[in-house]
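Hi everyone, thanks for making time for this. I'd like to walk you through one structure, a few places at a time, so please keep it open in front of you.

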Amino acid sequence: MMSEKGGTESHNRESCQTDEAQLQRGGRQKEWLVLFYKNCAGLKKAPRSRSFLKLTAMEVKWIHVLVVFLFLLSVAMTGCFLWQYSLPKVEPSPSVMEVRSEAVQMCPRYPEPVPLDHPIPILKDALEKLKTMPLYKALSMVLMRLLLSQEFLVFPDGPLTCREGKEPLRKDLAQVDLMLRQRVHSSGLAAMSAIAIYNDTVLWTGNFGKRNSSDPSSAVPNEYTIYRIASVSKIFPTIMLYKMWEEGKVTSLDDPLERYVHNFAIKNPLGRLKDSEQRYPAEGLGFGDKGTVPPRPSPVTLRRMASQLSGLPRRLRATSLLWKGNTQDALALLKDDVLVADPGTRCHYSNLAFSLLAHVLAAHGADGQYQRWVSEQVLERLGMEDTGFDLTPPIRAQMAVGFYGSRQPAPLYDLGWYRPSGQMYSTAADLAKLAMVFLGTYHRRLLEPDTVKTMLTPLLKCSTEYFANKTGTPWEINEQLGYDVVRKDGDLDGYSATFSLIPKLRLSFIVLMAGPRPQGGDVVAQTYEYLIPAMETAFREAQKSVVPPPNPVPYVGYYTYSNLTFYEIKVGIGGVLIMQQFGPHVEELIPEKYRTIKLHHLEDRVFQVVFDQEFPCVLHLGSASISLETQNGQLFNFYPFDRKGLSPGFDAPGLNTYNVVRVLRKPVFYS
C-alpha cells in the first residue's frame with residue numbers, strides 16, 4: 001500500500017516536472033500555467049500523515065477567528081472616531097494662544113536703555129563734598145565700599161535691596177560673582193578686581209584673592225588696589241589724538257604721519273597706491289627741479305596708527321619693549337624697514353604704532369611731554385588719582401603683586417620708549433570713571449559727544465586669523481548676542497586687564513588681574529553672557545518715560561493719509577499724546593494694543609513713536625503683513641500751527657510718508 005502510494009506520488013511529481021518544462025517552452029496558455037503551478041504546489045506540500053492534516057486544519061480555523069476579531073476592532077475604532085468628530089469643538093484657552101505666539105519674534109530686539117538715577121543720592125553728594133576734606137581718600141573708600149556692596153544692587157526703577165530687586169538682574173549678578181570666584185580659585189590667580197557699570201551707576205563689584213598671594217596675612221584687594229594695565233594704556237594716546245583734533249592742533253584724523261614728522265620714511269612694497277591717488281600733500285614737501293616727481297606721502301595715517309591698521313611692525317627691528325632710545329632713533333631705524341601690510345587693508349597689532357603716535361603728537365602739541373599731557377588733560381580732569389606711569393615706592397605699596405603662571409613673582413620693569421603702549425597702572429575705581437566718559441554719563445566732560453561716537457565706531461572687519469572681529473581706535477571689537485563689545489585688552493608680565501564697553505546698552509565691565517588670564521574661556525565674554533540678557537529684561541520691564549508736549553491741544557484731532565488710513569490723536573495720562581489708527585476693518589484685523597502708540601515729545605513740533613509694551617516685529621494679517629519694528633522710534637514732524645492754533649498735519653519722513661492731513665471730524669464708514 002505504501003509502495004503503491006509512493007509510486008503514484010513519484011509519478012505525479014515526474015508529470016509536473018515534464019509539463020512544467022513544456023509550458024516553459026511556450027506550449028500552453030498563461031492561465032493554464034498559473035493553474036498548473038497551483039496544482040503542483042499542492043502536490044509538493046501534501047501532508048505525509050493524518051496528524052499533520054489535523055494540525056493544518058486547526059491553524060486555518062484560528063486564522064479565521066483572528067481575521068474576524070480584527071475586522072470587528074476596526075469597525076469599533078471607526079465608530080469611536082466618528083463619534084468624537086461629531087462632538088462640539090473647545091476653543092483654545094488664552095494660555096495655549098500665548099504658548100503659540102511665543103514663536104513670533106518680539107520687538108524691540110535691542111531695547112533702549114532706561115535712564116538711571118544714582119542708587120543712593122545721599123552717598124553721591126557725600127562723595128562730592130568729601131573731595132575738599134583732608135581724609136577724602138580714606139572716607140570715600142569706606143563710602144564706596146558701602147555703595148558697591150552687594151546689599152545695594154541698582155535696577156532701572158531705582159535702588160532696591162537684594163530681597164526686593166528684579167530677579168533676573170540680581171540672580172545674574174550673583175552668577176557673575178560665583179563664576180569669577182571659581183575661576184580665580186581654579187586657576188590659582190593671585191588677585192582680581194572687577195566692576196560692572198550702567199550709565200553712571202555701579203551695578204556690581206567683586207574682589208577676589210589676595211593683594212600678595214605669597215603672604216598669608218595679605219588682605220583681599222579692593223576698588224583702589226593698583227594693577228598694571230599693560231596695553232589698556234593705548235587708550236590714552238588715542239584720547240590725545242582726538243582731543244588735539246577737537247582743538248584744531250590736528251587738521252584731520254586721516255592726515256599722513258609726514259605732516260607732523262617730516263623725516264618719516266618706510267618701505268611699502270605691498271602698497272597699491274599710484275601717484276595719481278595722492279590725497280594728502282605733506283607739509284614741507286615741495287616740487288624739486290623741473291621734470292622731477294615730488295615724493296608721495298605714505299598711507300600711514302594718524303587714525304590708522306591708532307587702530308592697528310598702519311601696517312607698521314609690532315616693534316622696531318632689533319629692539320625689545322625695554323628699549324631706551326628716542327623718537328629720532330626710531331625714525332632712523334624705520335628708514336630701512338618695511339610695512340608688513342598695506343595700510344588700511346589688514347589688522348596687524350603694533351606697539352610701535354602707538355608709541356610713535358604718542359611721541360609725535362607730544363612733540364607737535366605738548367612740548368614733547370606725553371606723560372605730563374596725559375596727567376594734566378585726562379587724569380587730573382577726571383579725578384583718576386590712582387592712575388599713572390611711574391612705579392614709585394608709594395605706588396608699589398598699593399599694588400597687587402603680579403605673578404607668572406608658574407607662581408613666581410613678576411618684575412616691575414620700565415618700558416622705556418614704548419611707555420605709551422603699555423606702561424600705565426590704574427584701579428577698578430579709576431577705570432570706572434573713564435568708562436562713564438565713553439558712556440557719556442560722567443559729570444566731567446573730556447571729549448565732545450560726537451567725538452566719542454567717532455572714537456567708538458568700528459573701522460575695519462579683520463581677517464579670521466586676527467584675535468578680534470573688527471578693529472577701532474584703539475579697540476578690539478567682537479559681536480556678542482547681537483551687540484558690539486568694544487574692548488581693549490592688556491597683558492604684561494604678571495598682569496592682565498580688560499576695559500570693555502557695550503555702548504548700545506550703556507554698559508561697561510572692567511577686570512584687572514594679578515597674573516595671566518585664566519584658562520577655560522574668556523571671563524569678559526562669559527560675564528556678558530549673564531549681563532546682556534539680564535539688562536534687556538530689566539529694560540523691557542521698566543516703565544517707559546514719555547514726555548508730553550507743553551500744550552497738547554494743537555495736535556489733538558483726526559488725521560488721514562490719502563483717505564486710506566485714519567488716525568485719532570488724543571490726550572492721555574499726564575498730558576501724553578496717544579495716537580490710534582482706525583478705519584474699515586482695522587479694528588477687526590489689528591489688535592488695539594498694536595494700533596495704539598504714544599508720542600514722545602522731543603523738541604518744537606517733533607515727536608517720536610513709542611510702543612508702550614513689547615510687540616511683534618512683523619504683524620501678520622492673513623496674506624499681508626505690517627512691520628511694527630519699522631514704525632517704532634520713527635519721528636513725526638507736525639506742521640506749523642494755523643490761525644486757530646492747530647497743526648494741519650504732519651510728515652513721517654522715516655516711513656517716506658508725507659501730507660498726513662487733519663480732518664474736521666471723525667469719518668463715518670459705510671459698508
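Let me begin with a cut-off, since I'll lean on it throughout: a residue is buried under 20% relative accessible area, exposed over 50%, and partly exposed in between. Please also keep in mind that this is a predicted model.

Let's put that cut-off to use straight away. Arg 372 has a relative accessibility of 42%, and because partly exposed covers the range between 20% and 50%, Arg 372 counts as partly exposed. Its side chain meets that of Asp 367 in a salt bridge, at 3.9 Å from N to O. Asp 367 has a relative accessible area of 67%, so Asp 367 is exposed.

Arg 372 brings us to helix H12, residues 370-382. H12 has 13 residues and spans 17 Å from its first C-alpha to its last, close to the 18 Å expected at 1.5 Å a residue. Where is the kink in H12 centred? On Glu 376, and the kink is about 30°.

Which residues of H12 are buried? They are Tyr 370, Trp 373, Val 374, Val 378, Leu 379 and Leu 382. As a reminder for reading that list, an α-helix has 3.6 residues a turn, so residues three or four places apart point the same way. The buried residues of H12 pack against four helices: H8 (235-247), H11 (351-365), H14 (419-422) and H15 (428-439). Right after H12 comes Gly 383, with a positive phi near 75°.

Now over to the strands, and to E13 (507-513). How many of the residues of E13 are buried? Seven of its seven, so E13 is mostly covered. Leu 507, Phe 509, Val 511 and Met 513 point one way, while Ser 508, Ile 510 and Leu 512 point the other way. That fits a familiar pattern: in a regular strand the side chains alternate between the two faces of the sheet.

E13 has a partner in strand E4, residues 191-198. Seven bridges join E4 to E13, and the two run antiparallel. If you want a landmark there, find Ser 193, which stands opposite Leu 512 in E13. Strand E12 (495-502) is also joined to E13. Here too there are seven bridges and an antiparallel arrangement, and the landmark is Ser 500, opposite Phe 509 in E13.

E12 and E13 form a hairpin with four residues between the strands. One residue to look at there is Arg 506, which has a positive phi of about 55° although it is not a glycine. Most residues other than glycine have a negative phi, and most peptide bonds are trans. Is Arg 506 buried, partly exposed or exposed? Its relative accessible area is 30%, so Arg 506 is partly exposed.

There is another positive phi at Ala 318, near 65°. Ala 318 sits in the loop between helix H9 (302-305) and helix H10 (327-334). With a relative accessible area of 86%, Ala 318 is exposed.

What about peptide bonds that are cis? The bond from Cys 107 to Pro 108 is cis, with omega near 0°. Pro 108 lies in the loop between strand E1 (106-107) and helix H5 (121-130). A cis bond also joins Thr 473 and Pro 474, again with omega about 0°. You'll find Pro 474 in the loop between strand E9 (470-471) and strand E10 (476-480).

Last stop, back to charges. The structure holds 23 salt bridges. In one of them, Asp 336 meets Lys 267, with the closest N and O atoms 3.0 Å apart. That pair links distant parts of the chain, 69 residues apart: Asp 336 is in the loop between H10 and H11, and Lys 267 is in the loop between H8 and H9. Asp 336 counts as partly exposed at 47% relative accessibility, and Lys 267 as partly exposed at 42%.

Another pair is Arg 445 and Glu 448, whose closest N and O atoms are 3.3 Å apart. Arg 445 counts as exposed at 53%, whereas Glu 448 is partly exposed at 39%. And there is a network too: Arg 487, Asp 489, Asp 491, Arg 517 and Asp 522 are joined into one by salt bridges that share partners.

That's my tour, and thanks for listening!

Note on methods:
Residues are numbered from 1 along each chain as its sequence is written. This is a predicted model: local features need pLDDT of at least 70, side-chain atom pairs count only at pLDDT 80 or more; totals for chains, interfaces and linings use all residues. Side-chain values use heavy atoms; hydrogens and water are left out. Buried means under 20% relative accessible area, exposed over 50%, partly exposed in between (1.4 Å probe, protein chains only). The expected span of a helix is 1.5 Å times one less than its number of residues. The bend at a residue is the angle between axes fitted to the seven residues ending there and the seven starting there. Contact means heavy atoms within 4.5 Å. Two strands pair if DSSP finds at least two bridges between them. A salt bridge is a side-chain nitrogen of Lys or Arg within 4 Å of a carboxyl oxygen of Asp or Glu.
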